[in-house]
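Work through the exercises below with the sequence and the model side by side, and try each task before reading its solution.

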Amino acid sequence: MTTIAVTGHMDLTEDSVPLVYDALRATLRPHADDLTGVSCIAKGSDSLFAEAVLELGGRLIVVIPSKDYRQAKVKPDHAETFDRLMAAADEVVVLEHETANRSAYEDANRTLLKRAERLVAVWNGSPPSPKGGGTADTVLEAREGGLPVDVVWPDGAARRA
């Protein structure tokens with residue numbers, strides 16, 4: 001079994017979504033025979049990855065950063081996708097954090113990395129922000145830990161301004 005986690009930008013432009021989805025499918029396809037994907041299923045890259053895993057017949061493990069994440073952080077425009085992916089998951093891991101905050105997100109990222117054999121990063125290469133816990137931080141942590149990282153950022157992909 002190949003277990004692959006995802007990290008990536010949430011703020012993809014509308015035109016970027018199909019480009020990123022196609023690139024994710026192409027990245028995951030060589031592992032499709034025995035694929036397990038690990039995702040926090042946030043809007044954007046995380047959910048696109050989860051959709052691609054399921055389309056390829058893989059197993060989905062969902063990591064939820066906190067007990068209040070669904071109510072506090074999932075916006076109405078993402079709720080249907082979030083709920084559908086939760087229902088399709090083979091396993092759902094809800095971390096012990098009561099509230100969704102930076103600490104919970106950092107813990108969720110560490111949990112993703114611990115459960116995976118490699119990381120797919122939907123990442124434009126931008127450096128870490130001072131806040132911490134973002135895509136660049138997760139990529140750096142994976143690389144420091146010796147986890148292989150596949151960066152997905154197809155031509156034409158962009159983040160919302």
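## Exercise 1: The largest pocket

In this predicted model, β1 (2–8), α3, α4, α5 (102–115) and α6 (135–144) each contribute at least two residues to the lining of the largest pocket.

Task: establish which element supplies the largest share of this lining, and how the lining residues divide into nonpolar, polar and charged.

Solution. Begin with the space itself, which amounts to about 870 Å³. Of the 36 residues that line this pocket, Gly8, Met10, Arg102, Gly133 and Gly134 are the closest to its centre. The largest share of the lining comes from α5, which provides five residues. Sorting the lining by residue type then gives 14 nonpolar, 11 polar and 11 charged residues.

## Exercise 2: The second largest pocket

Task: find which helices each supply at least two residues of the lining of the second largest pocket, and state the volume of this pocket.

Solution. The volume of the second largest pocket is about 220 Å³. Its lining comprises 14 residues, and those closest to the centre are Val17, Lys43, Gly44, Leu48 and His78. The helices α2 (45–55) and α4 each supply at least two of the lining residues. By type, the lining of the second largest pocket consists of four nonpolar, five polar and five charged residues.

## Exercise 3: The sheet

Task: determine the order of the six strands in the open sheet, and explain why β4 and β6 each have one side without a neighbour.

Solution. The strands follow the order β4-β3-β2-β1-β5-β6, with parallel pairing. Because β4 (91–94) and β6 (149–152) stand at the edges and have a single partner strand each, one side of each is left without a neighbour in the sheet. Direction ignored, neighbouring strands of this sheet are turned by 20° against each other on average. For a closer look at one pairing, take β1 and β5 (residues 118–122), which run parallel and are joined by five bridges. Within this pairing, Gly8 has Val122 in β5 as its bridge partner.

## Exercise 4: The aromatic pair

Task: classify the aromatic pair formed by Tyr69 and Phe82, and decide whether each of these residues is buried or exposed.

Solution. A search of the whole structure finds one aromatic pair. In this pair, Tyr69 and Phe82 lie 6.0 Å apart, centre to centre, with 35° between the planes, and the pair is therefore tilted, since stacked requires under 30 degrees and edge-to-face over 60. The pair links distant parts of the chain, with Tyr69 in helix α3 (residues 69–73) and Phe82 in helix α4 (residues 76–88), 13 residues apart. For burial, the cut-off is under 20% relative accessible area; Tyr69, at 8%, is buried, and Phe82, at 3%, is buried.

Methods
Residues are numbered from 1 along each chain as its sequence is written. This is a predicted model: local features need pLDDT of at least 70, side-chain atom pairs count only at pLDDT 80 or more; totals for chains, interfaces and linings use all residues. Side-chain values use heavy atoms; hydrogens and water are left out. Rings of Phe, Tyr and Trp (its six-membered ring) pair if their centres lie within 6.5 Å; planes under 30 degrees apart count as stacked, over 60 as edge-to-face and the rest as tilted. Helices (H or I, at least four residues) and strands (E, at least two) are DSSP runs, numbered from the N terminus. Buried means under 20% relative accessible area, exposed over 50%, partly exposed in between (1.4 Å probe, protein chains only). On a 1 Å grid over the protein atoms alone, a cavity is a set of points where a 1.4 Å probe fits but cannot get out, and a pocket is an open set with protein on both sides within 12 Å along at least five of seven lines; lining residues have an atom within 4 Å of a point. Grid points are joined across faces, edges and corners, and a volume is the space filled by probe spheres set on the points. Ala, Val, Leu, Ile, Met, Phe, Trp, Tyr, Cys and Pro count as nonpolar, Asp, Glu, Lys and Arg as charged, and the others, Gly among them, as polar. Two strands pair if DSSP finds at least two bridges between them. Axes are lines fitted to C-alpha atoms, for helices over the stretch in contact, and angles run from 0 to 180 degrees between N-to-C directions.
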